[in-house]
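The following exercises are to be worked through with the sequence and the coordinates at hand. Each task is followed by a solution in steps.

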Protein chains: 2
Amino acid sequence: MTQATPQGRPLDDDLTGRVLAATRESLEDVGFVNLRIERVASAVGCSKTAIYRRWPTKAELVASAILDRVTLGETPDTGDVVEDLVEHAWQHLTNFKHDGEPKPKHNRTMLAMFDAEVIPLIEDRYMKKRHVMGREILARAVARGQLDSQLDQDLIIDAIAGLTLFRLSIKPDTKVRNDAELKDSYRTLVRSLVASPG
Amino acid sequence: MTQATPQGRPLDDDLTGRVLAATRESLEDVGFVNLRIERVASAVGCSKTAIYRRWPTKAELVASAILDRVTLGETPDTGDVVEDLVEHAWQHLTNFKHDGEPKPKHNRTMLAMFDAEVIPLIEDRYMKKRHVMGREILARAVARGQLDSQLDQDLIIDAIAGLTLFRLSIKPDTKVRNDAELKDSYRTLVRSLVASPG
DNA sequence: ACGCAACAGAACGTTTCGTATCGTAAACAG
DNA sequence: CTGTTTACGATACGAAACGTTCTGTTGCGT
């Protein structure tokens, strides 16, 4: 199988990046339902055609915009299962946390993930991979004799992911915390989850 | 302030209920974005006007449809904080769990909650009240000397809610469990969360 | 130089939201 | 019983937005 040589004028990668950035910005402002392709186009200064040439639907555009900003990184491996899981959670949080001001009540970027047509696009390229990373962390901990092998590993991973999800999307009044406090709360949760019962 | 006496022909409560039911059904089938008011109307056999007379927007209709099926019930009070919280979580789960077949991969009814215009409507009438119920359970446990008063109560409540949220909305491959197994997984989580550290 | 595809711009068909208008039906007050 | 008020069905309508199509132009690779 030879690599098909692309013919004609290639896509402008710079334009692609600007469209993705503008999409993220619109997303944070107005959410998925109210995001307007035409508005993104005019914000970038390109035509609507240029966008539809790259992504067939709004859902695909938005999924790409989200995934473009997200980084999976390396699976944490500090030798301490608690710190590994805290770092794991932190990576997830940083991928979605809004760092501008004013801080919106709800994280619309994360909310957009929940559109029925967007979820499947994010799932394979992000959520499943993150789950595998979590399992790696726990498997190593078991191998080190640091973690009871009888614990429900999916429960541990899902509870951590669930907390982030809940805080960023639904929770209306999450107290404003600095990073250290926030990280501490994850540490508390993780410590509970990995403690051997009895 | 006297109660304004309604004049003229009253709204047909039976019709209202049928519209809400049809909305829930459409929601489970196609999700919020693809739900069509006109389709709900024709499913019920009423006019679009009858719907817009009751709810000003699609978001309001959907929020009402969700809340209509949801029950807050009494705050569990068994004397055991673990069982109270498990029951608390179970009530939440049953409010959203799809009980028909085939089971959809994602719970579209719950996904609809995440629309930026729907969330605020659900928040006041459901999420906040549930949070208060959680705090009641924990406060009673502290009063009984059953729970370390130093624990982060919001963290406990949010972690439980987050797990349900995550499982129902995003998690693609939650193993099919029967009710007993599912309840056990909550019991495991809750026990971890309320255990005193050290 | 030539071919191919991206580019901007603009028009277009379609769908759907939400509103408005009409005539009829039903509850209630006097 | 009569009049008032509001729900009801039916239908038409305007506005908005998705996604497509077309035209003419620009730029990359062979």
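**Exercise 1. The surface near DNA strand D**

Helix 3 of chain B contributes four residues to the surface near DNA strand D, the most of any element. The model is a predicted one.

Task: Establish which residues surround DNA strand D and how they divide by class.

Solution. Step 1: 25 residues surround the strand, and the closest are A:R9, A:R36, A:K48, B:D12 and B:R54. Step 2: sorted by class, this surface has nine nonpolar, eight polar and eight charged residues. Step 3: helix 3 (48–54) of chain A and helix 3 (48–54) of chain B each supply at least two residues.

**Exercise 2. Contacts with the phosphates**

Task: Determine which part of DNA strand D the protein approaches, sugar and phosphate or bases, and list contacts to phosphate oxygens.

Solution. Step 1: of the strand D atoms within 4 Å of the protein, 66% belong to sugar or phosphate, and the rest belong to bases. Step 2: in chain B, an N or O atom in the side chain of B:R54 is 2.7 Å from a phosphate oxygen of the strand. Step 3: in chain A, the side chain of A:Y52 places an N or O atom 3.2 Å from a phosphate oxygen. Step 4: A:K58 makes its contact through a backbone N or O atom, which lies 3.2 Å from a phosphate oxygen of strand D.

**Exercise 3. Helix 5 of chain B**

Task: Compare the expected span of helix 5 of chain B with the distance between its end C-alpha atoms, then assess its burial.

Solution. Step 1: helix 5 covers residues 81–96, that is 16 residues, and at 1.5 Å a residue it should span 22 Å. Step 2: the end C-alpha atoms are 23 Å apart, which agrees with that expectation. Step 3: 13 of the 16 residues are buried, so the helix is largely enclosed by the rest of the structure. Step 4: at the start of the helix, a side-chain oxygen of B:D80 comes to within 3.0 Å of the backbone nitrogen of B:V82.

**Exercise 4. Aromatic pairs**

Task: Count the aromatic pairs over all chains and classify the pair A:F114 and B:F114.

Solution. Step 1: the count over all chains is three aromatic pairs. Step 2: the ring centres of A:F114 and B:F114 are 3.9 Å apart and the planes are at 0°; with planes under 30 degrees counting as stacked, the pair is therefore stacked. Step 3: the pair crosses between chains, each partner lying in the loop between helix 6 (108–112) and helix 7 (119–143) of its own chain. Step 4: A:F114 is buried at 2% relative accessibility, and B:F114 is buried with a relative accessible area of 2%. Step 5: B:F96 and B:Y126 form an edge-to-face pair, with 5.9 Å between centres and 70° between planes. Step 6: this pair links distant parts of the chain, since B:F96 is in helix 5 and B:Y126 in helix 7 of chain B, 30 residues apart. Both B:F96 and B:Y126 are buried.

**Exercise 5. Loop residue and charges over rings**

Task: Locate B:T57, and identify what sits over the rings of B:F32 and B:Y186.

Solution. Step 1: B:T57 is in the loop between helix 3 and helix 4 (58–69) of chain B, and its relative accessible area of 35% makes it partly exposed. Step 2: the charged end of B:K58 sits over the ring of B:F32, 4.9 Å from the ring centre. Step 3: over the ring of B:Y186 sits the charged end of B:R167, 5.4 Å from the centre.

Methods
Residues numbered from 1 in each chain as written. Chains lettered and ligands numbered in written order. Predicted model: local features only at pLDDT ≥ 70, side-chain atom pairs only at ≥ 80, totals over all residues. Heavy atoms only, no water. Expected span 1.5 Å × (residues − 1). Buried < 20%, exposed > 50% of the residue type's maximum accessible area, 1.4 Å probe, protein only. Polar contact = N/O pair within 3.5 Å; in protein donor to acceptor, adjacent residues only side chain to side chain. Near = heavy atom within 4 Å. Nonpolar A, V, L, I, M, F, W, Y, C, P; charged D, E, K, R; others polar. Phe/Tyr/Trp six-rings, centres within 6.5 Å; stacked < 30°, edge-to-face > 60°. Lys NZ or Arg CZ within 6 Å of the ring centre and 35° of its normal.
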